[in-house]
Amino acid sequence: VQLQASGGGLVQAGGSLRLSCAASGRTFSSSAMGWFRQAPGKEREFVAAINRSGSSTNYADSVKGRFTISRDNAKNTVYLQMNNLKPEDTAVYYCAAESILTRDKFSWGYWGQGTQVTVSS
């Protein structure tokens, strides 16, 4: 499966961004989708994930209530709506695909190339 993330950019604290991840090469609707992020000098961390149908989601505590993951199986795309952004949200954001929904980054087999999100204070 090939994943292409987009939508990153520079935004002021309190602002919003929507990331998109387009999938190809595999039946999108059979995959759980996730977002992870990696800040400079830090390990990649789980942000959010959604199951195949979109009926179940999971969020890191640090983004709960501010970020929303969703998917459109007709468009083979998963989204991450990020509101009330904080400087600590600055990172490269990666989308991932796997057959099951998990918070464990080592269990995800397919990764996109990443998109930079920078939040200024």
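This passage walks through the disulfide, the core, one hairpin, the salt bridges and the aromatic contacts of a predicted model.

The disulfide makes a handy starting point. The count comes to one, and the partners are Cys-21 and Cys-95, with their sulfur atoms 2.1 Å apart. Cys-21 sits in strand E3 (residues 17-24) and Cys-95 in strand E9 (residues 91-98), so the link ties together parts of the chain that are 74 residues apart in sequence. The bond is right-handed, with 60 degrees about the S-S bond, and both cysteines, Cys-21 and Cys-95, are buried.

Next comes the nonpolar interior. The largest nonpolar core takes in 35 residues, and the ones touching the most other members are Trp-35, Leu-80, Met-82 and Tyr-93. Plenty of strands chip in: at least two core residues come from each of E1 (2-6), E3, E4 (32-38), E5 (45-50), E7 (67-72), E8 (77-82), E9 and E11 (115-120).

Of these, E7 shows its two sides neatly. In a regular strand, side chains alternate between the two faces of the sheet. On E7, Phe-67, Ile-69 and Arg-71 make up the covered face, while Thr-68, Ser-70 and Asp-72 make up the uncovered one. E7 runs antiparallel to E8, and six bridges join the two strands. Across that pairing, Phe-67 stands opposite Met-82 of E8; Met-82 is also one of the residues that touch the most other members of the core. The E7-E8 hairpin has four residues between its strands, and Asn-76 there adopts a positive phi near 55 degrees.

On to the charged side chains. Side chains of opposite charge can pair when their charged atoms come close. Five salt bridges turn up in a search of the whole structure, and Arg-37, Glu-45, Arg-66 and Asp-89 are linked in a network of them. At one end, Glu-45 meets Arg-37, with the closest N and O atoms 2.6 Å apart. Glu-45 is partly exposed, at 37% relative accessible area, whereas Arg-37 counts as buried at 6%. Arg-37 also bridges to Asp-89, and here the closest N and O atoms are 2.9 Å apart. That contact spans 52 residues of chain, from Arg-37 in strand E4 to Asp-89 in the loop between E8 and E9. Asp-89 has a relative accessible area of just 1%, so it falls under the 20% cut-off and is buried. Asp-89 has a further partner in Arg-66, at 2.7 Å from N to O. Arg-66 comes from the loop between E6 (57-59) and E7, and Asp-89 from the loop between E8 and E9, so this bridge ties together parts 23 residues apart in sequence. Like Asp-89, Arg-66 is buried.

The aromatic side chains round things off. There are three aromatic pairs in the count. One of them is formed by Phe-36 and Phe-46, which meet edge-to-face at 5.7 Å centre to centre, with 75 degrees between the planes. Phe-36 belongs to strand E4 and Phe-46 to strand E5, 10 residues apart, and both Phe-36 and Phe-46 are buried. Together with Trp-108 and Trp-111, these two phenylalanines form one aromatic cluster. Trp-111 has a charged neighbour as well: the charged end of Arg-44 sits over the Trp-111 ring, 4.7 Å from its centre. The charged end of Arg-44 also sits over the ring of Tyr-94, 3.7 Å from the centre of that ring.

Key
Residues are numbered from 1 along each chain as its sequence is written. This is a predicted model: local features need pLDDT of at least 70, side-chain atom pairs count only at pLDDT 80 or more; totals for chains, interfaces and linings use all residues. Side-chain values use heavy atoms; hydrogens and water are left out. A disulfide is a pair of cysteine sulfur atoms within 2.5 Å. Buried means under 20% relative accessible area, exposed over 50%, partly exposed in between (1.4 Å probe, protein chains only). A nonpolar core is a set of buried Ala, Val, Leu, Ile, Met, Phe, Trp, Tyr and Cys residues joined through side-chain atoms within 4.5 Å. Two strands pair if DSSP finds at least two bridges between them. A salt bridge is a side-chain nitrogen of Lys or Arg within 4 Å of a carboxyl oxygen of Asp or Glu. Rings of Phe, Tyr and Trp (its six-membered ring) pair if their centres lie within 6.5 Å; planes under 30 degrees apart count as stacked, over 60 as edge-to-face and the rest as tilted. A charge sits over a ring if NZ of Lys or CZ of Arg is within 6 Å of the ring centre and within 35 degrees of the ring normal.
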